[in-house]
Amino acid sequence: MKSLLEAQKISKSFPGVKALSDVSIHLAAGSIHALLGENGAGKSTLIKIITGIHRPDSGELLLDGKPFHFNGPREAIAAGIGVVHQERNLIPRFSIGENILLDRLGGSLLKPIDYDSVYQEAKHWLDLLELDLDPRTQVSQLSVAKMQLVEIAKALSLQSRVLLLDEPTASLTSHETVALFSLLKKLRNDGVSILFVSHKLEEVQEICDTVTVLRDGRNACDSQPMTNLGRQDLVRLMIGRNEQIPNADLRDHSTAEPVLELFEVATELGHANINLTLRKGEILGIYGLVGAGRTELAKSIIGRYRVTQGDVLVNGQKARINSVADAIDTYSIGYVSEDRKQEGLILIHSVLDNASIPIWKRLAARFGILTDKDVTAAISPLVNMLEVRTPSLQQLVGLLSGGNQQKISLIKWLAANVHILIVDEPSVGIDIKTKAYIHELLRKLSDEGTSVLLITSDLPEMVALADRILAMDQYRVKGEIVNSRNYDEMSEKIMGYIHSSKG
Amino acid sequence: MNARILRYLQSDWAGPFLIIAIGGGAIALLKPTFLSAFNIQVLLLAISVNAVIALSQMIIIGIGQMNLSVGAIGGLAAISFAGMMQVWELPPLIAAILALLIGFGGGLANGFIIARTGISAFVITLASLSIFKGINLGITKAQPFYHIPDSVKAFGNTVMFDPIPWLVLPMVVTVLLVFYLLTRQRVGRYILAVGGNLHAAELSGISVKSTIMWAHAISGILAAMAGIMLVARLQLGQPSIGDDWLILSFAAPVIGGAVLAGGHVSVAGTVLGVVIVAIITQALVLFEIDPFLVQVVLGGLILWAVGINRLREVRFQKSLKRI
Amino acid sequence: MRFYQTNEFGLFALILLFGAFFAMATPGFASVFNVFSLTRIMSIDIMIGFSMMVVIVTGGLNLAVGAIGVSAAMACGWLIEAVGLPYPIAILSALAFGASLGALNGVLIVRSGLHSFIITLATMSIFFGLMIYLTHAQAFRVLVPEFAQFGKLRLFGTVSALLIVSCVFAIGLSVLYRFTPLGRQMLAAGANAAAAELSGIRVNRTYIICHALSGALAGAAALMVVARNGAAIPSMAGHLGQDWLLPAFLGPVLGGTLLMGGRVSLLGTLLGSALVTMLTNGLLQLRVGEFWIQAMLGAILLFAVLLDLARRSYLQRRGIY
């Protein structure tokens, strides 16, 4: 089939990281093409290259067989390529109609904008999606799901020949998804080429004709028809192996003393009735879908947000954790953030400076003075132990690869010798080798007495590592299971808890 | 009916309006001369010029930046206006148009550098403020231009019909044009779009660079306009024009509900903010309070106004995050 | 990065170059009196630069440096003249006063969550207004003779003693940023407040301390002006203290302190302020119209930020930065 839009052997590097390596994709007219891959596999980068936000280092982009490169979103739109990104991109104080037709408002120096016709046209596109919304409504008053649908309406209004949708159903109800899918099918039949990025394999299998899978910045497969691929095949392409769990021993911590306990805890962010017990040397997993409130719970435990009701006990004593500094200095709790680049690390500072933040006060305890020599003495052994690949300790952390950056995040807490470590999405955007290393490290730490609270959306990772698993949904704990390391059994039980109505 | 009243009360200009009504009323009760024709005229003269200054900054606040060179551009345009009439003997209208062009050029230069380099507007306009002020001083050697044509002097000081001075006319026209720009013209909507969410605006195909340049160019024209008006009122081409515009140029828009992060400004609120400042300044004189305290009051007003705006903004951001 | 590629070396080279040029171009420049006068102004500009630098490091701004400085200096003058305190105590009190005004800024910024620009714009007005009101715009001229004496003191017969004061502060600040936890915390909080907070740094407290430090340094700068003038004059920093804004930024920006925060160069700020003062002085000696100096300074600032941008993207492309 002739391709409408092609990417051929695209490569793209950013400082310290090779995002894409010889990646190809072929989008045919009148098809819905799935783009799959784990977090950090390169999907977003590929989309940004197609829409002109990034320039590829090498490779070619072809539209209708002719090479192109865009210098920005305007050119992409003009060429007939529409995008709906993962994050919301609307002007909050503008109306729905104005947002949809933002680049086509009309009017000139002598003529005012004809808002009546703007709203009329916007209504047309909203109706296509069966959205009963008044186009004059300010976008800020909509729910996140409705905002996403407005953006889809906006992409449709461009009447693009190529439509790129990045996680379009992330916030939608099943009813809204059904309406969207029937519309997408209609567009496909009209000859539009649709790229569908999603984590929800069931949806992908339902609606997509062809699939491209990216893994670690390379093609795991390129534009294959969906007909012969089952769920396990897709998963194997995405993660490079069957969903196999390494044979970790089962451990029993039921007699270990509790190091962290939450009794009927509520937080300022909306958690309620949270009960949790973490025992010494244990890895307790917290599983949930996006938006379940796990990161927010972790941040409340470490004092970033307020606990409004209930008790938090550390080592059996009631704890008042009013700030993150308290959590670290008084209660020896550390937190590895899920957002490594914005919250976990200071990208413009060195490896040495990043890894030593929590121990500065301790190192300077005697005279109030600390030198780089003192810091190096404390950090260097850990950097070597974790086999961090860096030219020197002065290297800016922003120039390291994702895996090495994550190691620095961990070193920070190893240096601080925390007794309780909360790890939030430790393997996002990390190469397989480092991921395995981190798993071993967490296991070793817990064997040596550090208690770990593991938050991850990667169910295989959860089943491989956690001793017990908590299921969370909508800021409540829905259930608790002891891990048997049987993936199907755990998956079924956890999902069962999450989708149950009682809390 | 109740819903409508509530909506009006929540608008940006309701608060300032109430303050003016209550405060102005109280002052009038205590000092009846406040409402005399002469006093109203003095108030209107001050408001006319200050409103244009405030609008000049308001546009830049709308795009989410700040323009420290508003006063310097205004001052440069002012002495150019006066100088062109005195030294080159140009007719006032031509001189005014040329001075507006100087304002346009200065603003455009700001916008160009900010847009192309991505360096913060604060630093760029801090540098340009010194450059424009420097050019001003270089030309005038700190000496005013004294020979202002009588027609200009009259325009700046006489009344259209009692007690409304002529100077109100350009102010009203400017206010209406700016309002029209921000509500019904693409450039104005794009300014607010870029201020509201730069990334989203860019992804929608708006040229952020040209929008920034337009915003600063317009700001420059407005600053120049204020400078010209001030020359008419002061009857002098004073090199120090603009030196004290900075605080006022921020106070009025902020009192009027402007969000400093960009994307939300109120023309009506800004004008009312100017009125409040003018009334307070006058009241201090009427009540024989040390005029130096005006600075303290202005600073306090800014703190209070941004505090309130911040609360409203926090509530607005929270409402964006719910499911 | 080799030393000759650094910003500091470039500034040092420029100082030598221009110094040599001015000395050859006009006889007055290298005269004993001019060098003394030059070093005296330089010391003050350096302190003003430091006072802004400590706030820029945390990613913020302090528009009130001039207003706080003048208020502290007038407080000192008042304490000596009206209250009769011995001058060492008055000086220390003035510095403490400056620090508390700065701390007030910090508290307002932290509690309101507003940008430091608008807060310090407002407090600049408030502090200056109150100061003018309380002093009735009158100067304190009957200060103890030690002030003017110190202002006239020369080392080696040419260099102003005030320069030593600035250098002492420079060394103190260096120690702060390199050898104390607090200084490192300031840099971390300035580079990425969220990451710093989650690593256990009390970011709000750090910001307040930075602003307090800024206020104290502004006070010190103003006291040096008093020493130079022999009197505490309310207009020493212009209307609302605005006159200090340009030198306050020129030093740090030329010196390579990022406006985004998280990086600092003491030596760079010092050399940057020194270079600007020397350029100004040299041009005045060359009889370049004094009215064009201000335009030139603005152009230098513009040039400095553009150059910094160019340098950073060059280094980024080479993978060094």
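This report walks through a predicted model, covering the fold of chain B, two chain interfaces and a few residues of chain A.

## Ground rules

The model is predicted, so keep in mind that local features need pLDDT of at least 70 and side-chain atom pairs count only at pLDDT 80 or more, while totals for chains, interfaces and linings use all residues. Residues are numbered from 1 along each chain as its sequence is written, chains are lettered from A and ligands numbered from 1 in the order in which they are written, and side-chain values use heavy atoms, with hydrogens and water left out.

## Chain B on its own

Chain B has 14 helices and 2 strands (DSSP runs numbered from the N terminus, with H or I over at least four residues for a helix and E over at least two for a strand). Its radius of gyration is 20 Å, close to the 20 Å that the globule rule gives for 323 residues, so chain B is as compact as a globular protein of that length. Here the radius is taken over C-alpha atoms, and the rule is 2.2 Å times the number of residues to the power 0.38.

Along the principal axes, the C-alpha atoms of chain B fill a box of roughly 65 × 55 × 35 Å. Of its 323 residues, 57% count as buried (buried is under 20% relative accessible area, exposed is over 50% and partly exposed is in between, using a 1.4 Å probe and protein chains only). Among contacts in chain B with a separation of 6 or more, 77% come from residues 24 or more positions apart; contact means heavy atoms within 4.5 Å.

## Where B meets C

The size of an interface is often given as the accessible area lost when the parts come together. Chain B and chain C bury about 3,400 Å² between them, with 84% of it on carbon and sulfur atoms (buried area is the accessible area, with a 1.4 Å probe, that two parts lose on being put together, summed over both). Phe122(B), Phe292(B) and Leu303(B) supply 15% of what chain B buries against chain C, more than any other three residues. The contact draws on 40 residues from chain B and 37 residues from chain C.

What about charges and polar groups? The rule finds 0 salt bridges across the B–C interface (a side-chain nitrogen of Lys or Arg within 4 Å of a carboxyl oxygen of Asp or Glu). It does find 3 residue pairs in polar contact there, both at pLDDT 80 or more. A polar contact is a pair of N or O atoms within 3.5 Å; within protein, one must be able to donate a hydrogen and the other to accept it, and residues adjacent in sequence count only if both atoms are side-chain atoms. On the chain B side, helices H5 (92-117), H6 (121-140), H12 (245-255) and H14 (293-321) each supply at least two residues, and H6(B) gives the most, with 13 residues. That side divides into 25 nonpolar, 9 polar and 6 charged residues (nonpolar is Ala, Val, Leu, Ile, Met, Phe, Trp, Tyr, Cys and Pro; charged is Asp, Glu, Lys and Arg; the others, Gly among them, are polar).

## Where A meets B

Here 32 residues of chain A are in contact with 29 residues of chain B. The buried area is about 2,500 Å², and carbon and sulfur atoms give 58% of it.

There are 2 salt bridges between chain A and chain B. Arg93(A) forms a salt bridge with Glu313(B), their closest N and O atoms being 3.1 Å apart. The rule also turns up 12 residue pairs in polar contact across this interface, both at pLDDT 80 or more. Helices H2 (73-78) and H5 (144-157) of chain A each supply at least two residues of the side that touches chain B. By class, that side of chain A has 17 nonpolar, 9 polar and 6 charged residues.

## Residues to look at in chain A

Asp326(A) sits in helix H10 (residues 324-329) and is buried, with a relative accessible area of 16%. Not counting residues up to four places away in sequence, Asp326(A) touches Arg320(A), Ile321(A), Tyr331(A) and Arg202(C). Ser31(A), in strand E3 (residues 31-36), counts as buried at 5% relative accessibility. Leaving aside neighbours within four places in sequence, its contacts include Arg188(A), Val192(A) and Asp209(A).

Most residues other than glycine have a negative phi. Asn315(A) has a positive phi near 55°, and lies in the loop between strands E14 (307-314) and E15 (317-318). Asn417(A) also has a positive phi, about 55°, in the loop between helix H15 (402-415) and strand E17 (420-424). Asn315(A) is partly exposed at 48% relative accessibility, whereas Asn417(A) is exposed, with a relative accessible area of 55%.
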